4 protein chains.
Amino acid sequence: MTVPQFKQLRRAYGFDEVAIVPGEFTINPELVELGLDIGQHHFAIPFLASAMDAVVDPQFAIEMHRAGGLAVVNLEGVWTRYDDPAGMLQEVAAASRDEATTILQQAYQAPIRDDLIARRVKEIKAGGAVAAVSLTPMYTKRWAPIVQEAGADILVVQSTVTTARHESNSAEGLRFDKLFKNISIPVVVGNTVGFNATLEIMRTGVAAVLVGVGPGAACTSREVLGIGVPQVTATIECAAARDYYFRETGRYVPIITDGGIRTGGDVCKCFVAGADGVMMGSPFAATTEAPGRGYHWGMATPHANLPRGTRVTVGVNTTITKLLYGPTSRTDGTENLVGALRTAMGMCGAHTIREFQQAEMVVAPAIKTEGKIYQFAQAHS
Amino acid sequence: MTVPQFKQLRRAYGFDEVAIVPGEFTINPELVELGLDIGQHHFAIPFLASAMDAVVDPQFAIEMHRAGGLAVVNLEGVWTRYDDPAGMLQEVAAASRDEATTILQQAYQAPIRDDLIARRVKEIKAGGAVAAVSLTPMYTKRWAPIVQEAGADILVVQSTVTTARHESNSAEGLRFDKLFKNISIPVVVGNTVGFNATLEIMRTGVAAVLVGVGPGAACTSREVLGIGVPQVTATIECAAARDYYFRETGRYVPIITDGGIRTGGDVCKCFVAGADGVMMGSPFAATTEAPGRGYHWGMATPHANLPRGTRVTVGVNTTITKLLYGPTSRTDGTENLVGALRTAMGMCGAHTIREFQQAEMVVAPAIKTEGKIYQFAQAHS
Amino acid sequence: MTVPQFKQLRRAYGFDEVAIVPGEFTINPELVELGLDIGQHHFAIPFLASAMDAVVDPQFAIEMHRAGGLAVVNLEGVWTRYDDPAGMLQEVAAASRDEATTILQQAYQAPIRDDLIARRVKEIKAGGAVAAVSLTPMYTKRWAPIVQEAGADILVVQSTVTTARHESNSAEGLRFDKLFKNISIPVVVGNTVGFNATLEIMRTGVAAVLVGVGPGAACTSREVLGIGVPQVTATIECAAARDYYFRETGRYVPIITDGGIRTGGDVCKCFVAGADGVMMGSPFAATTEAPGRGYHWGMATPHANLPRGTRVTVGVNTTITKLLYGPTSRTDGTENLVGALRTAMGMCGAHTIREFQQAEMVVAPAIKTEGKIYQFAQAHS
Amino acid sequence: MTVPQFKQLRRAYGFDEVAIVPGEFTINPELVELGLDIGQHHFAIPFLASAMDAVVDPQFAIEMHRAGGLAVVNLEGVWTRYDDPAGMLQEVAAASRDEATTILQQAYQAPIRDDLIARRVKEIKAGGAVAAVSLTPMYTKRWAPIVQEAGADILVVQSTVTTARHESNSAEGLRFDKLFKNISIPVVVGNTVGFNATLEIMRTGVAAVLVGVGPGAACTSREVLGIGVPQVTATIECAAARDYYFRETGRYVPIITDGGIRTGGDVCKCFVAGADGVMMGSPFAATTEAPGRGYHWGMATPHANLPRGTRVTVGVNTTITKLLYGPTSRTDGTENLVGALRTAMGMCGAHTIREFQQAEMVVAPAIKTEGKIYQFAQAHS
C-alpha cells in the first residue's frame, strides 16, 4: 500500500500581491474603449455599485445611471423594511463601534414589505435609470414576480455563495432554470469563485456572474467561516469559465468582480485578471450621494446568530463623479478610477477591455516606499 | 564524486495562510450532520476542551458534557496537587506578567496526590458526564490503574511530543502496547504532527490521536526549541495517516487538531485539512465556567528549568454555550463556532465532517481589509 | 473541449527580497574598476541623478559632473516654466502634506518656454559639464532640435512607460527611428521593464535604456494604476535583452536601473541583477546641492487629473560627495555608495561591473535584527 | 538566436522562516550527547562566544572555558589598542545612539600593539583556559607568529567574507596553505556561506569553518552592501561541503554557525541545518561577565569610511551559566540554551549532534500567537 499524496493547496492571490506589466506598445488613453453589456443593456463604463444598504438607495441608483454605470438596490435591506429608514441610518451612524452590530441586528428584524419592493423599483424608473435590484436566493421565488411587474430591468440574485445546485430542507429551493421560465428580465447571479461553479451557473442561462467570496472590506467571512478566495485568483478562474462557455456556446456572459476593490490599481488588476466589470461597495459608500453617512456594512452583518460583517467607517469625502472621473489631487488612486483605467490600458496597449484582459501580471509584494523615505528622513535630518 | 543535494525544506501552512474554497453545490446548514466518536462514546459536536488547569476543572467538564462536547481534566496539575486550588489560582491571576511564570513554577512543586486523582474522576462522574482525564507518558504506568478504577471513561496520554517508541534511562518507559493490556478504557494519545509517527501510534491501538506541536497561544515551543509544525499541514499529514491506517485495517481512528484554534474560521480549516475533532484551550479559557479567572497557561509553563509557555490574558467574556452556539453580535468569528461550522459546511456542500474533509483549500494570505478602510477614511475625511 | 489553463503569474522581486551571495574568491576594493559609457561619453562612476525638479537644476548637474557622474535636467518642469522657480519651490516646501499636490498641480500650469529650454542647456555647458536633459515623448519632436542646437550632449526621452511603438490620435506621434535622423546626439530612452519592449527600443538605435516602472519613492503608479514591476526582476529581464541584442548586433547598449534605489545595498543589487548604471532621485534630493529644500516629488505628481506621485519628505542631510564617497558614520548604507559598491564587488571577486553582473543572488527576506535585539533588551533589562 | 534564460534566484531561509519537525521516536534529554572538537581540543558543549570587543575579554574567555564552551578574544580591537580599555568602553556606553558610531570610529584609530597581543593570550592561559584569539586576514601574516609564540591554542582568521583565494594589490596577500606551514596550532577560518567557497577553504587544511555573512544583530552588511545569506540556508550549504569533503578525504572539519542566533530555537535550527557548533554575540553580550556594559557592536562598525554595523542595546540581564544552563523563568527561549538543545534533540530522537543534523525541518512562518490572544482579550473584555 503506497503512502497517499497529501492534500494539495494551490496558491491564490489578492490585489496587493500582484502588479500589471506594461505592454510592448502603448496607446493614448483617449483611444481606449470602455463599456459593459448586461443582457440588452449597455453601460458606458464597467463600474457597478454594490447592493448594500449604506451604498445604494433609489436616488443613488439614478445618479449612478447618469454617471454611466449601474447601481443595484438591495430589496432585503432597510429600504424595503422601512418607509423612511433615515432614522435607523442615523442611529447606526451614531452608535459606538461595539454597539453597531447589535443595532443592525435589531433594525433588520423588521419585516420586508411587498409594497416597498415595488415602490423602490418604481422610484428608480421614475428617475430614468436602469432599475437593477437584488434578492437572496431564498426569497427570489417569492419576490421575483413582484420585482418584474414593478418594472425592474435587471434582477440580481446574490448571497455569499450561490451555486446552480442548492439543497435545502424545503422541497421548493430556488432552481435557476425554473426561475428563467417565469421571468424575462436578465438575471445576474453571485457570488461565486471557481471554474466549475461558474460554468454551471452560466449554463443555467444567467446574464452575468458576480465574482468574489470574502474579500470585501465589510465582510468577515474569512474570520468567521474560513471561507474566501483572493480576488485576483477568483477572477482568473471565473474568466476561464466564461471563455470556456463562450467557446462552447457562442454566448458571452460577462463576469463582474465584486468585493475588496478600493483603488484604481485594484480596478485595473480585476480587468487584467479577466473581469468585464467591477462592483464596489466601500468607495461608493464614501460619496456624498450614498445613504450611509460615512459608514458601511455588509449584508451578512445583521445576521441574528452569526454576523459575518462589520460596520466600517469610510467617511464622506468624494462624489460619484469625482470618484469615477476626477479631477483629483489625491495620489493614492482613490479617485478618478475611470481615468486610471484608461491610462493603464494605454500603458498596456489595450484598445478594449477584452485586450486588457490579455495583459501580463506578475506576483509582486506591495511596495511601501513612502514609509521607507520617512524613516530615512527621520534618521538623518 | 557528485555534489550532494542540499537538505530540502518542505513548506508548511498555518491557519492564517489558507482559506477554504466554497463548493460547486451548497446545502442548508440545518442539513449538516456533526458528531464525533471516541471509542464507544459519541459526542454531538466535535469540540473538545484542552486538559489545561486554567481551562478545565471537574465542574467545567460537566458543563461541557451538557453542551455536547468533551472536556479533559489534567491530572498532573493543580487539581491533583491541592484540595482546593482556588487560592493558588487567585495568586496567578493577581501576579504581574513578569512574576507569573515564577509563581507557576513554585505552585507546581507541590506533589500530586493519589487520592485527589481518584476524587477528580469521581466528581466528573457524579455530574453525569463522560470522564476524560489526562496524564503525561512518564506517569501513565503509575496512575492509569487508579484512573481506571476510579471510573474514568477516557484516558488521554499527552505530552508536547509523544511517540510510540520512546527511549529513556529507566528500564520501564511507557509502552502503549503493554498499557493497553492493563487498562480497558479508550486511550487518546498526543501530540504528534507527522504521517509516520501518527501511523505508528495508531498501530498500538489508541482510540484517537491529538495533532499539534507548538501552535497553541500559551505555548512557546517554537521560540524555546525551534520545534513546531503549523496546524494545517500537521493535520493534513496526520489525516493521511488515519486514512492509510483505515484502508489497511478497517479501523477508523479519529484525529483531533489541538492548539492554536481561535475562531470559527480556524475550526473550519481544521476539518477541511482532515480533522475529525478540534481541541481548544484559549477560547474556552475565556468562558465564565473556566477556572482560570481570565488567564491561561500551558502545561509546559511551570517547568522548573526550561519553561515553554507563558501566562496569557484572555479575559472572561463568554460562556460555553455562547462560544459554541451563539447567538452573538461579534463579527470576528470568536463566538458561535458550531454555527460557523454548519454554515461553512453548507457553503461547501458537505453533509458530514467526512465530506467537509474533501473540500478545497487554497494558500492565501490573511486579509486585513478593515485596517485599509480606516486608513482610507483617515486620509480623506 | 479541455479546460483552459488559468492565466499564469510569474514571481517578480524587489530590492528588499533579495541578497547577494559572496563569491568563491575575493579581491581588494581598490582593484575594482567602475565606469559607464553612454554614447561617446565616459563617466567615472555609474551613478546618475534623476530628471526631477527637486533633484537636479543646472548647478546640481555641474556638481554631479565634478563628482564623476551624470545628472539630468528635466526640461518640462519648473526650470523651463519660470525664470527663477525659487519662490515656487519655497511654496511647495512650506505647504502642508495635504496641500502639496494641489500646489504642484497649479505650479505646473505655467507654460514651458523655448528660451528657458535653451538657457538651461547653456548654463550646464557653461559649468563645463556634460549636458543631459530630458523631455517626454509627446514634446520631443517639438523641442529636440532646440535642445541640440543649444549644445546638449545627451537627450533623455522619458515617460512612465515608453515603447518603440506608440499609438496616438495625432498623426504625428514620436517615432524614434525618425527622431534619430534629425538629431545626432545620443538619446537615452525610458522607462521600460520587459525583455521584448527593451529589445525593440534598442533596435531603434538608442544609446541607453532606463529601466523601472513604478518603484520610485515619489511614484504611486502601483496604487493608482496597478502597474509596476519590482526593480530586481525588471533589471534582470532588461539585462537579458541587452545581452541578446549585443550578441545579435555587437552593439552594447547600457541599461540604467531607475527608481526605488535608496542604499548601497540597493545599488549593488541593481548591478548584480544586470544593470550598467543606477539612476537615483530621493538620495540625491537629500543633498545640500539639490534644489528641493528637503522635499521631493515625481514628475507625474503635478498631473492635473490623475496625479501619480506624492511629495515626500527627505530632509537635507548629506552632500553629493558624501553620498557617493563618504566618509560616513551612518551604518544603514545611505552614504558612501561608491565605497559600498567597491567593497561588495570585492567580496564577490568582481573586477568590473560586467563581472559583478554575474554574481549570485538569492531570494531572502529583509532582516530586521535590530528590532529583535531591542525587544530582547526591553523584555529582560 | 533563442531568448536567454533569465538569471535565476534561489530561495534562502533564515531562522524565523523554518521550524523543526519532531521525530518518529523520542529519547530522554539526559541520554543526549553534546560536544564539539576543534583540532585536538574537545569542548563539552558546542557553544562559542564571538570575537567581539563588547562580548569577550580574557576574563570572559576563562569563565566561558569553565562553562564548557569556547570564547574567542579579538586581537584587533580595544584589548590590543589600550592597556585598559575601561574608559573607552564607558564612553561608548554613555554615548547617545547617534554618537556611538563616531566614538567607535575614533577609538579604533589607536594602533594595535604587539605587546598587548602577547599579553592577552597569556592572560587567558593564566586562567587555565583554551586560548582562542582572532585576527583578520590582512594582519594574520604579521601577528600569527606572535600569537603562537605567546601560547595561543587556536587561531581564528575572520573577516566578513574570507575565501581561499584573495587578490590584493600587495604581492603578499594571505595564503592559507603557506600560513599552515608556519604555524602549528589549529586555525579556524570564516566567514563563508557557500558550498564551493567552504570546500576550497577546507582543502587548505583549516580546523573549522565559521558560517555566516550578514545575519548578526550588530551587522548591517545587508543594508550597506546588499550582501548576506540567511543562516539556515548558509548552514545547509556549508554542511553539505563538510560532508562532501569528509567523504572525499576522511577528515571531518566542523562548521560553526556564526551570527543572528538569539534563542534556543535558533540554536536548535542551526544544528538541524547541519552545524557542529554555534557562535553567538548578542546573547553573551547581555551577560554580567561581558565587558560591553549592556551594549554590543560588530567589528565592522568602527570602519572609518564605510561602517557596516551599529551599536545595539542588549542590557545586562543574565550570566554565562544561566544563559547556557538555566534554571530560568523566561519563556521566550533566551536562557538555558543547552537545556533547550537537549530537549529538542530528545524530541527528534537524536542521541548526538550528528543525528540531530538529520532531523526534518519545514518552511513555516514564525507564529505570533500571543499578540492574537491579547487582541482577542482587548476586543471582548
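Two residues are in contact here if their C-beta atoms, placed from the backbone, lie within 7 Å. With that in hand, here are my notes on the model.

1. **Ground rules.** This is a predicted model, in which local features need pLDDT of at least 70 and side-chain atom pairs count only at pLDDT 80 or more, while totals for chains, interfaces and linings use all residues. Residues are numbered from 1 along each chain as its sequence is written, and chains are lettered from A and ligands numbered from 1 in the order in which they are written.

2. **Confidence.** The predictor assigns the complex an ipTM of 0.92 and a pTM of 0.93. For chain A, the average pLDDT (the predictor's confidence in each residue, from 0 to 100) is 91, and 93% of the residues score at least 70. Please take care with residues 368-378 of chain A: the pLDDT there is below 50, although the stretch has 18 contacts in the model beyond near neighbours in sequence. Where pLDDT is low, the predicted coordinates should not be read in detail.

3. **How the copies are related.** Chain A superposes on chain B with an RMSD of 0.0 Å after a rotation of 90° and 0.1 Å of shift along the axis. The two copies are thus related as by a four-fold rotation axis. The fit is by least squares on the C-alpha atoms of residues with pLDDT of at least 70 in both copies. A:P365 is the residue of chain A that comes closest to the rotation axis, at 8.2 Å (C-alpha). Laying chain D on chain B likewise takes a turn of 90° and a shift of 0.1 Å along the axis, with an RMSD of 0.0 Å. In chain D, D:P365 comes closest to the rotation axis, at 8.2 Å (C-alpha).

4. **Who does not touch whom.** Chain B and chain C are not in contact, and their nearest C-alpha atoms are 9 Å apart. Chain A and chain D are also without a contact, with their closest C-alpha atoms 9 Å apart.

5. **The A-B interface.** Here 58 residues from chain A meet 59 residues from chain B. Elements that each supply at least two residues of chain A's side include β1 (10-11), α3 (97-107) and β10 (165-167). (Helices, H or I of at least four residues, and strands, E of at least two, are DSSP runs numbered from the N terminus.) The biggest contributor on chain A's side is α8(A), with four residues. By class, that side has 22 nonpolar, 25 polar and eleven charged residues. The classes count Ala, Val, Leu, Ile, Met, Phe, Trp, Tyr, Cys and Pro as nonpolar, Asp, Glu, Lys and Arg as charged, and the others, Gly among them, as polar. Only 2% of the interface residues of chain A are also interface residues in chain B, so the copies meet through different surfaces.

6. **A strand pair across A-B.** β1(A) and strand β17 (residues 360-363) of chain B pair in the parallel sense over two bridges; pairing requires that DSSP finds at least two bridges between the strands. Within this pair, A:R11 stands opposite B:V363.

7. **The D-B interface.** On this side, 59 residues of chain D are in contact with 57 residues of chain B. The largest share of chain D's side, nine residues, comes from α15(D). Its make-up by class is 30 nonpolar, 18 polar and eleven charged residues. Strand β10 (residues 165-167) of chain B pairs with β3(D) in the parallel sense over three bridges, and B:H166 stands opposite D:T26. Again, only 2% of the interface residues of chain D are also interface residues in chain B, so the copies meet through different surfaces.

8. **Helix α9 of chain C.** This helix (residues 231-249) has 19 residues and reaches 26 Å from its first C-alpha to its last, close to the 27 Å expected, where the expected span is 1.5 Å times one less than the number of residues. Its buried residues (20 or more other C-beta atoms within 10 Å of their own; exposed is 12 or fewer, partly exposed in between, with C-beta atoms placed from the backbone) include C:Q231, C:E237, C:R242 and C:Y245. Among the elements covering the buried residues are β11 (187-192) and α7 (195-203) of chain C. Just after α9(C), C:G250 has a positive phi of about 80°.

9. **A loop glycine.** B:G35 sits in the loop between β3 (25-27) and β4 (36-38) of chain B. With 14 C-beta neighbours inside 10 Å, B:G35 counts as partly exposed. Beyond its neighbours within four places in sequence, B:G35 is in contact with B:H42, B:F43, B:A44 and B:P46.
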